[in-house]
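Subject: Structure handover

Hi,

Here is the structure I promised to pass on. Please open it first, then read my notes on the ligand site below.

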Amino acid sequence: MLLGAIADDLTGATDLALTLSRGGMRVVQWTGVPQGQVDLREVDALVIALKSRTIPAGEAVAQSLTAAHALRDLGARQLFFKYCSTFDSTKDGNIGPVADALLDFADAPLTIVCPAFPTNKRTIYQGHLFVGDQLLSDSPMKDHPLTPMRDANLVRVLGAQTKRKVGLVPQAVVAQGAAAVKAAYAQAQSDGISYLVVDAISDADLLAIGTASADLALITGGSGVALGLPQNFRALGLLQDNTGGMRTPAPAGRAIILAGSCSAMTRQQVAAAKTAGLPSFQIDPLAIAAGKLSPDDVVEWVASQDAKTPLVYSSADPADVATVQEKLGRAAVGESIEHLLGAVAAQLADQGFTRFLVAGGETSGAVVAALGVEALRIGPEIDPGVPWTTSLTGRGLALALKSGNFGAPDFFLKAWNKLP
Ligand code: ADP
């Protein structure tokens, strides 16, 4: 195995796995740390998906270190810590604490911090993260239910999460190419800097950063910075081209959409699906808390729908989210919805549903755990960062796991045409 990655949520893992797969690597994604005998001889990159973005920092560190040990035991030559392209974290972490622990584990003096994903309009300039034409702190991410992002300055955001020194490689240096970026790494290391936020506003920037990072024991970032990594292994003669190898047909069976994301794009996608006539069921968190809505109720509704693909969603606008969080508590609401959607998915799978489209990173983690799916093979891309996947363990299922803000407005409608 060449690259071992640890992702702090499931949809992020899939996004990274897709990037590596498109770069010609044979990629398997595993939910949690692989247990027992795992045959990964034919695999170039293993992406371990944790659900560690919003759990207590100590637990996130412990799980990430267990994953790092497993990846090293499997022979990974380089480690990658994947977080969201909007740097989703709280003041206490978990990006800083996990990165600190992984730097120690890899015995590395320095790593980069690069969540940029220009294809999805996440760019970094002068250390500031932009979502489209807005600073992160002005974007809808300021109202995220679990990780509201109110500062766009990544040097400052990470600085609040770690005791180590954080520096910046500005775009003017990145634009000069890989050699200049590499020289900046060397200079920073001699200045005692452990983290370098690296500006990137285009894929050309990401490719230069990827090339410059060939010798780093640990890379941290979004999926974008992985664009340039397969080429490093190819240049060393370690990687054959394997594009298009992983196409298994989707299993026959019924389809369902489960949306637990409140992100702006998911709310648009819900609206578009309803406008197009998909039958929809809105989950009310207050009804769950009052014991008036159970997974059985939702499953009964789904079963009563005709051949069209039903949509079950809890997506709500920021004002409604804030109101319900005030009443019930932020974590409690999130967990109750995730639990319900997971239970619905498991019951539907028992009834022969085989195709699941899930919106939301945390939500996808909950659904995949409830379905008992551990390993996923990466299939064709639906929209940037979101492929169809098929399960390699447990029952045969096709899963599209979408980070809340990813995909075009018609994602819920068009995804089905891209099933292999
Ligand atoms: P995203 O990918 O957009 O970040 P996630 O699934 O990761 O989506 O996170 C959304 C969180 O918000 C989940 O914990 C989910 O259960 C919670 N949530 C969903 N709907 C509501 C709602 N109506 N009110 C409050 N919280 C909600």
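The shell around the ligand takes residues from two domains. Domain 1 (3–235) and domain 2 (254–418) each supply at least three. Keep in mind that this is a predicted model.

**Where the ligand sits**

The ligand occupies the largest pocket. Three elements each give two or more residues to the shell around it: α12 (318–328), α13 (330–350) and α14 (361–371). Of the elements, α13 gives the most, with 4 residues.

**What surrounds it**

There are 22 residues around the ligand. By type, the shell splits into 11 polar, 9 nonpolar and 2 charged residues. Five residues come nearest: His 144, Ser 261, Ser 263, Glu 338 and Thr 363.

**Polar contacts**

Which side chains place a polar atom 2.5 Å from an oxygen atom of the ligand? His 144 does. Ser 263 does too. For Glu 338, a polar side-chain atom lies 2.6 Å from a ligand oxygen.

How much of the ligand does the protein bury? On its own, the ligand exposes 570 Å². The protein buries 97% of that area.

**To recap**

The ligand is in the largest pocket, and both domains contribute to its shell. His 144, Ser 263 and Glu 338 each bring a polar side-chain atom to a ligand oxygen at the distances above.

Best wishes

Definitions and conventions
Residues are numbered from 1 along each chain as its sequence is written. This is a predicted model: local features need pLDDT of at least 70, side-chain atom pairs count only at pLDDT 80 or more; totals for chains, interfaces and linings use all residues. Side-chain values use heavy atoms; hydrogens and water are left out. A residue is near a molecule or strand if one of its heavy atoms lies within 4 Å of it. A polar contact is a pair of N or O atoms within 3.5 Å; within protein, one must be able to donate a hydrogen and the other to accept it, and residues adjacent in sequence count only if both atoms are side-chain atoms. Accessible areas come from the Shrake-Rupley method with a 1.4 Å probe; for residues, only the protein chains shown count as cover. On a 1 Å grid over the protein atoms alone, a cavity is a set of points where a 1.4 Å probe fits but cannot get out, and a pocket is an open set with protein on both sides within 12 Å along at least five of seven lines; lining residues have an atom within 4 Å of a point. A molecule sits in a cavity or pocket if more than half of its atoms lie within 2 Å of its grid points. Ala, Val, Leu, Ile, Met, Phe, Trp, Tyr, Cys and Pro count as nonpolar, Asp, Glu, Lys and Arg as charged, and the others, Gly among them, as polar. Domain bounds come from an automatic or database domain assignment.
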